[in-house]
Each structure stands twice: as structure tokens, then as C-alpha cells.
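I opened the model today to look up a pocket and a helix pair, and I note below what I found.

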Amino acid sequence: MVIKMITLKLYDDNAFLSEFSAKVLSCEKIEDEKYKIILDKTAFFPEAGGQPCDKGTVNDLAVTDVQIEDGEIYHYVNKRFSVGESVEGKIDFKRRFNFMQNHSGEHIVSGIVFKLFGLNNVGFHLNEELMTLDFDGILSPEQIRRVEKLANIAVWENHIIKTYYPTATELEKILFRQKKEISGDIRLVEIKDVDICACCAPHVLTTGQIGIIKLISSEKMRGGIRITAKCGSFALEDYEEKLNSVFKIGNLLSLKPNEVGEGVEKLTDKQNELKQENSKYKKQLISYIAKEVDTSVFYIENFEMSELQILADTIHKNTNKIITVFSGSDNEYSFVICGDDTEVNELFSKVKENLEVKGGGRNGMINGKVTADKQTVIKEFSV
């Protein structure tokens with residue numbers, strides 16, 4: 001008979017509790033110097049619902065993982081504890097608070113998306129850098145901007161975030177969101193006039209504590225949309241990082257931060273013009289080179305694969321002979337062989353026996369990469 005040792009979830013009643021006292025109910029060895037313990041109560045939130053577990057210590061010993069299995073909360077440590085032993089637990093509250101800001105922000109965004117567009121949140125993932133929200137339908141960029149604006153208004157209005165376990169009778173009268181069927185007692189997280197959702201995770205006390213909600217990007221997937229977002233301190237760090245990048249670009253281009261976007265567009269347009277001009281000159285160069293080449297192997301600097309293909313084809317047509325052209329440096333070269341199909345395949349087979357080569361092709365042209373010094377390439381590709 002398996003006896004359940006249900007741990008009191010201190011984070012349910014007080015998400016801001018960072019230190020607590022408890023007693024060890026069990027200690028099970030997993031492998032050498034690795035154990036999992038059950039406590040009579042804990043402030044550690046276990047990994048659940050797309051959110052990582054809390055990190056921290058028990059008696060100043062690192063808690064490496066916290067998992068919930070069949071209702072039992074296991075704390076993973078690297079030391080044996082005695083059953084009945086009193087311990088002091090501490091969680092990394094800065095990390096916890098970052099997660100609470102983001103998870104509470106997710107509820108606001110998901111509640112607004114559901115109310116405005118009838119889309120369900122079907123996936124949620126949170127880590128130390130960002131979070132993603134998956135919805136079962138498509139949102140336009142304009143709709144996403146509208147959701148972000150309304151979500152931040154909900155933050156500024158500083159609504160109370162209420163967490164509670166309703167009775168079965170009460171639950172029948174409440175309309176709430178949930179991602180999947182839940183067995184046992186259902187814990188609700190309610191943000192008045194914004195959202196009400198089944199959730200087991202800790203949350204901030206008011207929406208104002210979230211600080212800011214920023215929807216960073218979106219991508220279509222499996223008939224729906226995934227939104228990447230950051231809230232609170234994550235959003236602030238993201239803003240600081242991007243602002244620093246804007247200032248660096250502005251300094252390089254001698255532009256003010258608000259001029260960077262237009263400046264980069266002009267720079268890109270100029271770069272494209274130079275590429276087109278460079279391509280025109282290279283075509284002229286190819287024409288001149290093709291008339292002068294009298295060897296079966298020819299090296300040229302700073303040519304891309306597509307340009308090597310044109311050069312090899314032009315030389316072959318001028319000479320009606322098999323030709324290899326290659327470009328690169330530091331013993332890493334791109335090459336193109338052009339000529340009669342049979343001759344090209346025979347040459348490539350011969351080279352593969354002696355050199356480290358990758359490539360392929362058809363209709364009398366093979367292109368690829370070769371690792372060797374320049375003189376060896378010339379020797380092995382010569383006919």
C-alpha cells in the first residue's frame with residue numbers, strides 16, 4: 001500500500017513567500033549522491049503548465065529540480081536527509097518574481113485574445129529569457145498590436161489578481177478558460193473584467209506589478225499562431241539591449257536614434273545598387289577572362305558559386321574543353337567543373353579519391369567544396 005504524503009503548497013496562499021521551515025517526510029536515493037525528498041510543506045513551485053520550477057536551497061544545499069508526480073512534490077538534492085529532520089528552505093525570489101510577471105501577463109493577453117477574437121490559448125512555455133503563447137487561430141499584425149495596447153492598459157489599471165479554489169457548486173456557475181481537462185480541485189486565477197483561468201502557478205498580486213507587456217514577434221504554426229512575448233524585467237532588459245544596438249548603429253552612421261531605421265534603409269538600397277554594379281563589372285571580367293584562359297584549372301579571387309558557374313560555362317563554350325575554376329582561401333575552396341558530361345564525372349571521381357571533396361551536379365557541370373592547398377587543387381583538377 002502506497003501512502004500519500006501530500007505537501008502543503010505554501011505558494012498557493014502566498015506567492016511572495018521566499019523562506020520557510022519544513023520537515024522531511026521522505027528521502028529516496030536516485031543514484032550516487034543524488035536524492036529526492038518530500039517535505040511537509042514547501043514554497044518551491046514544481047515544474048508545471050509550461051513554467052519551470054523554482055530554484056533555491058534547502059539548508060543552504062542547492063535544489064537542482066522540483067517535480068510533481070502523482071500529486072507528490074519532489075525536491076532534488078545532492079545530499080541525504082533524515083526523515084523527520086527540520087530544514088530551512090529558500091527560493092530564488094528574483095527568478096520567481098520574473099516568472100510571476102510573465103505568467104500573469106500571459107493570462108491578460110490570453111484573456112483579451114479570447115474575448116476579442118474567440119481564440120484559445122493551446123500552448124504556453126516560459127523560460128529564463130522569454131515566453132511563447134500558442135493560439136488556435138490566426139491574428140493579423142494589427143490585431144496583435146491592439147491586444148498589446150489593451151493588455152498594457154489592463155496593467156496600468158492595476159487590477160487585483162485573485163487566486164482561489166471554488167467549491168464544486170461555485171465552479172458550475174463560473175465561466176473560465178482552461179487549456180486541458182483538470183482532475184481534482186481546480187484553482188482559478190481571476191483578473192476582474194480581463195480574464196479568469198484555471199492555473200496552478202504563482203502570480204503577482206496586482207496587474208501593476210507586471211510593469212509592461214511586450215509582444216515581440218509572431219509566427220504561423222499548425223493552423224494557428226505563436227506569439228513571443230516578454231513582461232516586466234524581461235521586457236526592460238530586452239528594451240535596453242535593443243536600445244544599445246540602436247545607439248551603436250546610430251553612432252556608426254552618424255545618425256540620431258530615431259533616424260536609424262530610415263538610415264539603414266538608405267544604406268541597404270545603396271548596397272543593393274553596388275551589388276548590381278559589381279555584378280555588371282564581373283560579367284565584363286568573365287568575358288575578358290574567358291578569352292585568355294588556356295589552362296584546364298583557373299583560380300580567381302572573391303567569386304561566388306553562381307559567378308564561378310558562369311565563368312566555367314563561358315570558358316568551356318569558348319574552348320570546347322573541360323575546365324575547372326575555383327575561388328576561396330585558407331585551404332577552403334569552392335569549385336565548378338564544366339565540360340562533356342562523361343569527362344566531368346570521370347574527373348570528379350578521380351579527385352574524390354585523393355582529396356576531401358563535397359559536391360555534385362548534372363548536364364556537364366559539377367560544383368562543390370574542396371579542402372586542400374591551392375597548388376594541390378590545381379594539380380588534382382588538371383587534365
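The entries take the ground rules, then the pocket, then the helix pair.

I am working with a predicted model, in which local features need pLDDT of at least 70, side-chain atom pairs count only at pLDDT 80 or more, and totals for chains, interfaces and linings use all residues. Residues are numbered from 1 along each chain as its sequence is written, and side-chain values use heavy atoms, with hydrogens and water left out.

I looked up the second largest pocket (on a 1 Å grid over the protein atoms alone, an open set of points where a 1.4 Å probe fits, with protein on both sides within 12 Å along at least five of seven lines). I found a volume of about 220 Å³ for it, a volume being the space filled by probe spheres set on the points. Its lining (residues with an atom within 4 Å of a point) has 14 residues, and Phe114, Phe176, Arg177, Asp195 and Ile196 lie nearest the centre. Helix 2 (93–117) gives the largest share, three residues, while strand 10 (121–126) and strand 14 (195–198) each supply at least two.

I then turned to helix 5 (residues 232–253) and helix 6 (residues 260–292), whose axes come within 10 Å and cross at roughly 55°; helices are DSSP runs of H or I, at least four residues, and strands runs of E, at least two. Axes are lines fitted to C-alpha atoms over the stretch in contact, with angles from 0 to 180 degrees between N-to-C directions. Helix 5 and helix 6 are therefore oblique to each other, a class left over once under 35, over 145 and 65 to 115 degrees are taken out. Val246, Ile249, Gly250 and Leu253 in helix 5 meet Val260, Gly263, Val264 and Leu267 in helix 6, contact meaning heavy atoms within 4.5 Å.
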